[in-house]
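Here are some worked exercises to try with the sequence and the model open side by side. Have a go at each task before you read its solution.

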Amino acid sequence: MRNVIGMVLTGLGAFLLITAVLVRFYVAPRLIAAPTDVYQVTRLRADNATYFDAASARQVTGATVVATNTVRGDVTSSHGDVAVWDSATMIQDVTRGTTIEIQNQRVAFDRRTGLLTACCGASVDGNVSARQSGLGLFWPVNATKKDKPVYDPATRRAWPAVYVGKERVHGIDAWRFVQHIPNTKVAGKPLPDVPGELLGRAKGSPAVPVDRYYQADATYWVDPRTGNPIDQEQKVLSTLQPKSGPGRLVVGQMDLRMTPESQKSLQDKSEDGASKINLLRIAVPVGAAAVGAVLLAAGAVVGRTGRRRPPRSRQRGEPLATTR
């Protein structure tokens, strides 16, 4: 009976040790990935912002602007290692109740590396020919300190986000990445001619053809445990400039900072994600390995005890053994 118990304990111990290895090196890497059913709303706010109100054909200054971004996962379009998310950003003057701009983006990306891929109807403002590359709406788990290409929908290309140091953000040791986008001409539909007076030229100057230019400095605070950005800041400048000659019109100048409510939401989400990652990578494998080792040791002890049987004593009346 002891031999049977020893074998059972040894088998369970070996099973748990194998399970620990499988969870750590096979299951965890496959389960730790971007979700496909995400739903997230974040807001950035800019005080004393400037923008051009096309309806009234005048420049508005000192405005309070809020950019509300909503991200939804497209579960039906996601497949295998590819996740598909839809992002919509509404930029509004909250004091005047004016909608300044609406931006839409659909991204498809590798659920582990976060790198964008061309599939599943990925587009920028409905343009499926916009080739997206680098990182988009999801940063990889266990972010490294290396520079990362982050896609910018306005200029429709990826620009490097450079690691500049570590900062403690509301109890989380975050890594700070800074992305600089130089003054860049924005491709898109042809713009209508703009009166020269709006461009800073003499009063009564004729309308001239223009191009749109965009520049920005973005800062991302990333939780390296999960890869989740937990705070963000964007300083943007958008202008119209004549195709030739002097002048320009500022159509948007904003210093956008994430609201405290959005910061708290992202930080809570990151803490929850870090707990789940630690469970898969550390708690479950270490726990299973520890219990497995104990069961193996117990099985070995019980098995040895079962094999060591004491000699049988002679019963009364039983003759002594003799040799011939």
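**Exercise 1. A bridge partner in E12**

Which residue is the bridge partner of Ala218 in E12?

*Solution.* Please keep in mind throughout that this is a predicted model.
Step 1: Find the two strands, E11 at residues 210–223 and E12 at residues 228–242.
Step 2: Note that these strands run antiparallel and are joined by 14 bridges.
Step 3: Read across from Ala218, and you arrive at Gln234 in E12.

**Exercise 2. Walking across the sheet**

Work out the order of the strands in the open sheet of 11 strands, and find its edge strands.

*Solution.*
Step 1: Going across, the order is E5-E4-E3-E2-E1-E13-E12-E11-E8-E7-E6, with antiparallel pairing.
Step 2: The edges are strand E5 (123–124) and strand E6 (148–152), each of which pairs on one side only.
Step 3: As background, strands of a sheet pair through backbone hydrogen bonds, either parallel or antiparallel.

**Exercise 3. E13 and its two partners**

Describe how E13 pairs with E12 and with E1.

*Solution.*
Step 1: E12 and E13 are antiparallel and share 8 bridges. Here Leu240 faces Leu249 in E13.
Step 2: Look at the connection: E12 and E13 form a hairpin with 6 residues between them. Gly245, in the turn, has a positive phi of about 90 degrees.
Step 3: Now turn to E1, which is joined to E13 by 4 bridges, again running antiparallel.
Step 4: Check how covered E13 (residues 249–258) is: 7 of its 10 residues are buried, making the strand mostly covered.

**Exercise 4. The surroundings of Thr50**

Is Thr50 buried or exposed?

*Solution.*
Step 1: Locate Thr50 in strand E1, which spans residues 39–53.
Step 2: Take its relative accessible area, 14%. The cut-off for buried is under 20%, so Thr50 is buried.
Step 3: List what Thr50 touches beyond four places away in sequence: Gln59, Val60, Thr61, Val250, Val251, Gly252, Gln253 and Met254.
Step 4: Pick out Gln253 from that list; Gln253 is also the bridge partner of Thr50 in E13.

**Exercise 5. Sorting aromatic pairs**

The structure holds 7 aromatic pairs. Classify the pair Phe109 and Phe138 by its geometry, then do likewise for Tyr163 and Trp175.

*Solution.*
Step 1: The ring centres of Phe109 and Phe138 are 5.7 Å apart and the planes meet at 20 degrees, so this pair is stacked.
Step 2: Phe109 belongs to strand E4 (residues 98–110) and Phe138 to the loop between E5 and E6, so the pair ties together parts that are 29 residues apart in sequence. Both Phe109 and Phe138 are buried.
Step 3: For Tyr163 and Trp175 the centres are 5.7 Å apart, but the planes are at 75 degrees, so the pair is edge-to-face.
Step 4: Tyr163 sits in strand E7 (residues 157–169) and Trp175 in strand E8 (residues 172–185), 12 residues apart. Trp175 has a relative accessible area of 15% and is buried.
Step 5: Follow the ring pairs outward, and you find a cluster of Trp139, Tyr163, Trp175, Phe177 and Tyr220.
Step 6: For one more ring, see Trp159: Arg157 lies over its face, 3.6 Å from the ring centre.

**Exercise 6. Salt bridges and their exposure**

Give the N to O distance for the salt bridge between Glu167 and Arg176, and compare its setting with two other pairs.

*Solution.*
Step 1: Side chains of opposite charge can pair when their charged atoms come close. The structure holds 13 salt bridges.
Step 2: Glu167 and Arg176 meet at 2.6 Å, N to O. Glu167 is partly exposed at 29%, and Arg176 is partly exposed at 23%.
Step 3: Arg257 and Glu233 form a salt bridge with their closest N and O atoms 3.0 Å apart. This pair links strand E13 to strand E12, across 24 residues of sequence. Arg257 is partly exposed at 43%, whereas Glu233 is buried at 13%.
Step 4: Asp93 and Arg96 form a salt bridge at 2.9 Å between the closest N and O atoms. Asp93 is buried at 0% relative accessibility, while Arg96 is partly exposed at 42%.
Step 5: Finish with a network of salt bridges that links Asp74, Asp86 and Arg106.

How values were computed: Residues are numbered from 1 along each chain as its sequence is written. This is a predicted model: local features need pLDDT of at least 70, side-chain atom pairs count only at pLDDT 80 or more; totals for chains, interfaces and linings use all residues. Side-chain values use heavy atoms; hydrogens and water are left out. Buried means under 20% relative accessible area, exposed over 50%, partly exposed in between (1.4 Å probe, protein chains only). Contact means heavy atoms within 4.5 Å. Two strands pair if DSSP finds at least two bridges between them. Rings of Phe, Tyr and Trp (its six-membered ring) pair if their centres lie within 6.5 Å; planes under 30 degrees apart count as stacked, over 60 as edge-to-face and the rest as tilted. A charge sits over a ring if NZ of Lys or CZ of Arg is within 6 Å of the ring centre and within 35 degrees of the ring normal. A salt bridge is a side-chain nitrogen of Lys or Arg within 4 Å of a carboxyl oxygen of Asp or Glu.
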